[in-house]
Structure formats: structure tokens, C-alpha cells
Amino acid sequence: MIYYACTYVPVEILIASGLPFQKLEVRESGEDPLIHRNLCGYCKSVYEGVKNLKKDDVYIAVDSCDGMRRTADVLMKNSQAKVFTLRLPWRNDDSAVEFYAGELKRLTEFLSELRGKPITTDELIKGMERFIKLKKHLWKVHREGYSAEELSAALKAAGSGKIYTPESERDSNFLPRIAYFGGIAESVQIGELIRKAGGKMVLNESCGGIRGFTGDYSTRENPLNAISKRLLQSRIPCGRFEVAVRKDYEELLMEFEIDGVIFGSPKFCDFYGFEYRNVKISKPSIFVEIDYPLYSGGQLLTRLGAFIETLKKEKMTHVRRGEGKLFVGVDSGSTTTNIVVVDQMGNIIGWRSEKTGRDISKKATELLEDLMRELEFNMNDISYCIATGYGRNIIDFANDAVTEITCHAKGAHRFFPQARSVIDMGGQDSKVIRLDASGKVVDFVMNDKCAAGTGRFLEVMSNVLQLDLGKMSEAAFNSKKIVPISSMCTVFAESEVISLLGKGESVEDISAGLFESIGKRIKAMYRRLKCEPPTVFTGGVARNKGMVRTLEEMLGTSLLIPDVPDIVGAYGAALIAMERMEESERF
């Protein structure tokens, strides 16, 4: 069997050979000491897949990036399979087309030797004709709006030169239509993630999607030259070359009636990391770092969910929980769980906040039951309930889930209608949100990959200093200088603080340095979004006077802080619950 991973391997030549072939299917990423740990997940997955091929198998590699080049070099010595490498030019001008046509000639000769007879010009032309049929069918399946599973099946078949006709009904869900552009993502995985986030993926333009089946032939006089031109000058290019021009994207956005675009960059990838951040299109978009395969989509799900929530325009019918006039918001965070109950006017009539503990759903239920006893109402008095936070999808009594980005924006704007930005610092993550005049989310950024810059960071450091958080704030106020904390990681910063204490630095000066360390991270996020005051500070950390003073000094503005900053997300969720019922009653 012939395997390939890169879409710059021409399917038409593989078809012409008459030999069995397929695109390499890999979802397991390893950490082999022979390849660099900072290769992207896809390169590692390809390495693991090819390493386990048999001696009768063939792998056709392309040096499309340094990672793929390194992977192919090591595989030549560590795989039983035969490895053939195509050298991809760095330009796509006419001289590059001529060069790659020569590489395709080498490939044709290699395949001819494998099958025992030369590949003829007629066979190449038939391969090109077959490719055109595959391309037309694949695009037709995409346009007709089938599920991500069906799209993936069609892509898999086309990658082997075959046509797959979807068996299930078309996916007609009325959800925001999302396109994924950028680094490789497998259709079922990215499609499922987008579905969980509240959208519908109608186009996967990456190399794991339809990108390899794009481009037209400019001539048929010389098949190899025509194929080279399609690959280098006609098809949608990957990050190896200058990214697709705006016209290419705009045509796709119109053709597929796209509502929003996700630009994905693989970890450690300069091509997509640099190029796609600067692409400007007419539709709302978000840039995310995405690894292959998607072992855990929790952090990514929050980002995509918040983005897709800004795209929803349809009027939805929401089913009441009960016949009453109360609305509930639950913010199930990694550290604390907050519940807010509001009346028909959006006024808070009760709230609770406690440590989440081990059983997320149980804790939320306990808090709600406590409020019901105190305020003397029951489940039938609750018209609608929205859950938010990391545990939002496992709250048993919630009608729906909304990301904490949207909920914090809603709650902060209700408390302070003049707000134009929100800083939320919780136990395990920090967020900065930019708002428009109506309180809607314009853009946001999260620090959710490390505890640095969060409440957990402060808790760890207060334990090292043997001070509670209040005393730590007082110590910082009494500092004579700020001792810089250089470590970005909580674990390393802990060791650094211990070292500073050993060198005789005062607790007061170290405390000031720790607050400044967090402030720098928040300031960078704030500036990145081009946020402007008035700025609301929410989350449990907003009760820490040392953090408040540091941020106000670094941002050059006074912060607006609710009386109970912990419950802003839950309050926003309750307000959204109220609005949804109002919408359903109007329509």
C-alpha cells in the first residue's frame, strides 16, 4: 500500500499508477527521542504512523516544512516501509513550477518501477480526469450541507481515489455556519468541537479537509507540468507559501454562506502562527492554537463557544422549566460555584457562592436547594436556568449552557452600563473582554493554559510566604521596592520565591513583585485587545486590594468593582435566561 500525508502529493499521479493508495490516517502522537519535542502534533502522529508500516508499504513524503523534513529523514532509517521524498519549492513562480514538474517526474519513475512498467501519458491524463470528478463530487457533498462525519467519509474516499455518496440525511440544523481555515484538523474532530460550541462546520479548508482537492489545470499538453501548476499556482496554498489572498477566502465565504471563520495554527508552527494572524476577511473570525490530534478540547471549547455565541442571530424557541417568574444562573468554576436568582426585572433576589469540591453537579444542586429553602420557592417557580463556567455542561437542572465570556460581559454591563471592557480573574484562568456600547462582546483573550496570572497563582504564593491573601496585600502596600518575579510558570515561580526568601528579600517586596508579575500578564492581554476604560474587574481576585491597586497603576485607570465580584458570571447567566424566555414569548 502507498501512503501519503501531505496534499502536495498529487492524487492524479497515484491514480495513474493503478497501485493501491490512501492518505495516511493517524491520531496517535508519540514522544520519540529521535524527533524534536517541539514538532507539531501532526508531524509526531505521522512519524508514529509511518514507523509502524510494513516492509511492503511505501510512504511518499514532502518536505513542506522543517518538521516534515525532519520526520522523513528519521523515517528513512527507522521505518520498514520505503520512504520517497518530494522536494517542494519555496516559491510558486514559473521556475518553481518547472522544478516541481521535475520532482513529479521522479515520482512517476519511482511508481513505474514499483508496478513494473512505465506510467504512460494517457494514464496521467486519465488520472487528471478522475481527479476532476473527485473534486467536483467532494465540493458537491460540502455544498449540500452534510454532517462532519459524512464530510470526513467523503474526504477519506477521495484521498484513495474513490467516490463516497453520503448515506444519511443532510444536516439542516439552523446554527451559525462555520469555516475552518489553517493548520491541519481532522473533519470529525474539529466538526464535533464546533458542534459542541454551538455551531455547524460546513467547510474544513485545511489539509485535513478539502484543500488538496482545489485548483484547475491550465493546460493538457504536458500532464506533469499541468499538475505542477495546479499544485503551486492554482490550488489554495498551505502556510508554506503566502496564504490565500483575500479574494480566495471571500469567494469561499460567499459560496458557503459562512457566518464565522476559525483560523487554526498548529503548536510550534511559524507558518500558520505568523501568517494567519494577519489575514483580514469580511466575516467575524477567531485565531486559535490547535494541536493534532485533539486530545482535550476543554480550553478550546470555551474560546470557540464564546466566539460562536456572538454569531447567533436566529430566534430560538426555549422551553420553560416551570411556570414561575424566576430565573437562575449557575457559574460552575474550577474553584467556586456561584448561583444567582433574579426576578422578571433582572433584580437579584438571592445568591450563593461556595467552593466547588469534587462533585460539580452535586454542589450546584446543594446551593440551589439552599436558596429555595431560604427564599421559599421550588423548581416549578424557575422559568429558565443557564449554566456557565467549566462545569456548565454537567449541571443537571440547567436548560442550556453559555460560555463564561458572554455571561461575564452580560453581568458586568448590567452592573455598569458604561463599561467598555472586563477583566475577570478566577481560580484557574484570566480573561480580558472588550465590549461595545451595548455590552456585546467585541473580542476577548484568555490565559487558560497556565495558572500564572490567576487566583491559584496567588494562593500558591501566599502559602509559600505563609500569609493569607489579605495579609499578602497589606505586605505589598508596605513594600519599599518591587522584587521582579521572572518565572512565567507557577511551579518555577514558587521555587524562585523560596530562593528570594533565602537571599534575604523581604516578604513585603516579594509580595509587591508577585502582584506586578500578574499585572504584567493582564496588561499585555488588555493592550492586545486595545481595550479602553471604563473597565470592570470581576472574579474572586477582584476582592484582593493588592491586585486591584497593581492593575489600576499599570493600566492607568480606576477599576469598577461590583459589591460581590464573584457572582458576576452567574448573574449574567441569569439575565441571559430571562432574555431567552422573553424572546420565546415574543416569537
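The exercises below work through a helix, a sheet and one residue of a predicted model.

In this predicted model, local features need pLDDT of at least 70 and side-chain atom pairs count only at pLDDT 80 or more, whereas totals for chains, interfaces and linings use all residues. Residues are numbered from 1 along each chain as its sequence is written, and side-chain values use heavy atoms, with hydrogens and water left out.

**Exercise 1.** Compare the expected span of helix 17 with the distance between its end C-alpha atoms.

Solution. Helices (DSSP runs of H or I, at least four residues) and strands (runs of E, at least two) are numbered from the N terminus. The expected span is 1.5 Å times one less than the number of residues, so the 22 residues of helix 17 (residues 507-528) should span 32 Å, which agrees with end C-alpha atoms 32 Å apart. Helix 17 is followed by K530, whose phi is positive, near 60°.

**Exercise 2.** Determine which strands stand at the edges of the open sheet of five strands.

Solution. Two strands pair if DSSP finds at least two bridges between them. The strand order is 11-10-9-12-13, with mixed pairing. Strand 11 (348-355) and strand 13 (400-401) each have a single partner strand, so they stand at the edges with one side left without a neighbour in the sheet. Further in, six bridges join strand 9 (residues 326-332) to the antiparallel strand 10 (residues 336-342), and F327 has V342 in strand 10 as its bridge partner.

**Exercise 3.** List the residues that F287 touches beyond four places away in sequence.

Solution. F287 lies in strand 8 (residues 285-289). With contact meaning heavy atoms within 4.5 Å, F287 touches F263, S265, Y272, G273, Y276 and R277.
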